[in-house]
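Me: Please take a close look at the surroundings of one bound ligand and explain how they fit into the fold. I would value a connected account that also relates this region to the remainder of the chain.

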Amino acid sequence: MSHQKILVLDFGSQVAQLIARRVREQQVYCELHPFDVSEAFIREYAPQGIILSGGPNSVYEALEWQAPQVVFELGVPVLGICYGMQTMAEQLGGKVESSAQREFGYAEMRAHGHSKLFEGIQDRSNDQGHGLLDVWMSHGDKVTQLPAGFKVIGSSASCPVAAMADEERGFYAVQFHPEVTHTLKGKDIIARFVHRICGCGRDWKMPDYIGEAVEKIRAQVGDEEVILGLSGGVDSSVAAALIHRAIGDQLTCVFVDNGLLRLNEAEQVMQTFARSLGVKVIHVDATEQFMGHLKGVSDPEQKRKIIGREFVEVFQTEAKKLPKARWLAQGTIYPDVIESAGAKTGKAHAIKSHHNVGGLPETLNLKLLEPLRDLFKDEVRELGVALGLPHDMVYRHPFPGPGLGVRILGEVKKEYADLLRRADAIFIDELRAADWYDKTSQAFAVFLPVKSVGVMGDGRTYEYVVALRAVQTQDFMTAHWAELPHSLLGKVSNRIINEVRGINRVVYDISGKPPATIEWE
Ligand SMILES: Nc1ncnc2c1ncn2[C@@H]1O[C@H](COP(=O)(O)OP(=O)(O)OP(=O)(O)O)[C@@H](O)[C@H]1O
Ligand SMILES: O=c1[nH]c(=O)c2[nH+]cn([C@@H]3O[C@H](COP(=O)(O)O)[C@@H](O)[C@H]3O)c2[nH]1
Ligand SMILES: NC(=O)CC[C@H](N)C(=O)O
Ligand SMILES: [Mg+2]
């Protein structure tokens, strides 16, 4: 089945992913691509409408940062946002200049000229009955001359052309950012563009998508076999459930106990998958193998690389035991794809080597099956619910593949892992009991291999420290530390110190991301 689609062209905006999110929320399929994709690509993609994102450049400096001309020749509506508006103006014969008044943050925009884009959408109105909108701006350039055929449809105090349109041709542009939540009616504006102006229906729904995905997996796999690394996390669990729905027993999951899992995790995963869902799961106890290779290693990057390598090692060994195994399935999701795409616009530094990216050796001899490649995390969760996975599994916090290996600072030892497992379980227990688990995006304990002095029962102690970490975030790219109630933190600290012998001090991590990261290594 083919969907009606929107195409988002990325000019290097920090929030380009959000545009795609906002469109998907309208149950309209869309993809984000670098602005310089080929004309042939755009024609073949056959969008129902195109959105041009913002970006850091100025149109009068970065002359090659233009939308492919075909964008304006396809006969479909186009929405330019910020830089997207400026390049639209420039390319169609208008003018853009650097502005004396730069605007960053809140602005009030007055809508005028009865455009389809804003009609009936306002936060309040002024004395003349014009709609006023609270919008979020981030620009230093502005359109100073309209291209032929355009009229002004919105203005703000320091930006006379805050929005423009050529309704005849379906070209719309806004200087503000409708994709961020600070633009209060942004969601309505995106909805208006994709539904009314582009004429897209609501045909992107997870329950319907199951059938489509199942067909595709069957066609790809045929009568061959698939192995999937199952972690019990959201992505691999949903991938397992989906592939199992498609090919049943041709799927074998491999759950690796690397000795770095949380308390009772192995039992829980086996229980849910093998017993409740009837999926074939092989439980590989590779504790010795992982711990052996990690012995004496304290550099975080080296630890990550070793863990990644050993995972592949295990998958390969297991695949050899299945004569028809030709596929390795992964729970790769859309943000993973976008973040590692290395588009012309991306200049990201390597902060951490994620264990599952780029670690596949040439000799693997297995094809990759990635049925969640087009989905955002919340879509993956919705799909999981539609597939009948238990709520607790679908809404659990993410857990990184290197597991406790990156939560024990420095060298990993079994003794440390055992202490950490117990402290972590107490923290998560208490979070749930206090109804805070679902209010945080990720929470865990970290083991610090330093000792401090304490006094317990009149005796001196000299023991290890545990740090608690809890964050709130939408996308895990940035995060705030969670303002957990002091009483809750107090209770967790008390329980850990009383119940886990070997730990006599608990601290709470109050660093945001950036500048810190969520995991400590
Ligand atoms: N213990 C494990 N055994 C087998 N495969 C694993 C294990 N840990 C991680 N993996 C593999 O690595 C992939 C990436 O891990 P990642 O943590 O990003 O995803 P996830 O565990 O599926 O979901 P979540 O992000 O919710 O934790 C998983 O999809 C899974 O295929
Ligand atoms: O599957 C994974 N393999 C990894 O190697 C890995 N490293 C970090 N994470 C998770 O990614 C999110 C962001 O983490 P950081 O702020 O620590 O970079 C957080 O959710 C982290 O738990 C990983 N997940
Ligand atoms: N956020 C943007 O797209 C900014 C566009 C352009 N660089 C400006 O400053 O006006
Ligand atoms: Mg995980």
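Reply:

**The shell around ligand 1**

Sorted by class, the shell around ligand 1 contains 8 nonpolar, 9 polar and 1 charged residues. These values refer to a predicted model. In total, 18 residues surround ligand 1, and the closest are Gly229, Ser231, Gly233, Ser236 and Gly331. Two secondary-structure elements, helix H6 (234-247) and strand E12 (251-257), each supply at least two residues of this shell.

Strand E12 leads from the ligand into a sheet. An open sheet is formed by 5 strands in the order E13-E12-E11-E14-E15, and their pairing is parallel. Its edges are strand E13 (281-285) and strand E15 (367-369), each of which pairs on one side only. On average, neighbouring strands of the sheet are turned by 30° against each other, with direction ignored. In the strand order, E12 stands between E13 and E11. Strand E11 (residues 225-229) and E12 run parallel and are joined by 4 bridges; one of the partnerships sets valine 226 against leucine 251 in E12.

The surroundings of E12 also include helix H7 (265-276). This helix lies across E12 and E13 and runs at about 165° to E13. Between E12 and H7 there is a loop, and asparagine 264 is located in it. Asparagine 264 has a positive phi of about 60°, although it is not a glycine. Most residues other than glycine have a negative phi. Asparagine 264 counts as exposed because it has 11 C-beta neighbours inside 10 Å, and the limit for that class is 12 or fewer.

A second residue with a backbone of this kind is found elsewhere. Glutamine 27 likewise is not a glycine and has a positive phi of about 60°. Its place is the loop between helix H1 (16-25) and strand E2 (29-34). What is the exposure class of glutamine 27? Glutamine 27 is partly exposed, because 17 other C-beta atoms lie within 10 Å of its own; that count falls between the limits of 12 for exposed and 20 for buried.

The site of ligand 3 offers a point of reference for ligand 1. The shell around ligand 3 consists of Gly54, Gly55, Pro56, Asn57, Ser58, Cys82, Tyr83, Ser138, His139, Gly140 and Asp141. By class, these residues divide into 3 nonpolar, 7 polar and 1 charged. Strand E7 (residues 131-145) gives the largest share of this shell, namely 4 residues.

Parallel pairing occurs also around strand E3 (residues 49-52). Strand E1 (residues 5-10) and E3 pair in the parallel sense over 4 bridges, with leucine 7 opposite isoleucine 50. E3 pairs in the parallel sense with strand E4 (residues 78-81) as well, over 3 bridges, and here isoleucine 50 stands opposite valine 78. In a regular strand the side chains alternate between the two faces of the sheet. In E3, Gly49 and Ile51 lie on one side, Ile50 and Leu52 on the other, and all of them are buried, which leaves both faces covered.

These parts belong to a chain with 14 helices and 19 strands. Its radius of gyration is 26 Å, close to the 24 Å that the globule rule gives for 521 residues, so the chain is as compact as a globular protein of that length. The C-alpha trace spans about 80 × 65 × 40 Å along its principal axes. Of the 521 residues, 40% are buried. Among contacts in the chain with a separation of 6 or more, 75% involve residues 24 or more positions apart.

Two peptide bonds in the segment after strand E19 (503-508) complete the account. A cis peptide bond links lysine 513 to proline 514, with omega of about -15°, and proline 514 lies in that segment. Another cis peptide bond links proline 514 to proline 515, with omega of about 10°; proline 515 also belongs to the segment after E19. Most peptide bonds are trans.

Definitions and conventions. Residues numbered from 1 in each chain as written. Chains lettered and ligands numbered in written order. Predicted model: local features only at pLDDT ≥ 70, side-chain atom pairs only at ≥ 80, totals over all residues. Near = placed C-beta within 6 Å. Nonpolar A, V, L, I, M, F, W, Y, C, P; charged D, E, K, R; others polar. Rg over C-alpha atoms; globule rule 2.2 N^0.38 Å. Contact = placed C-beta atoms within 7 Å. Pairing = 2+ DSSP bridges. Axes fitted to C-alpha atoms, helices over the stretch in contact; angles between N-to-C directions.
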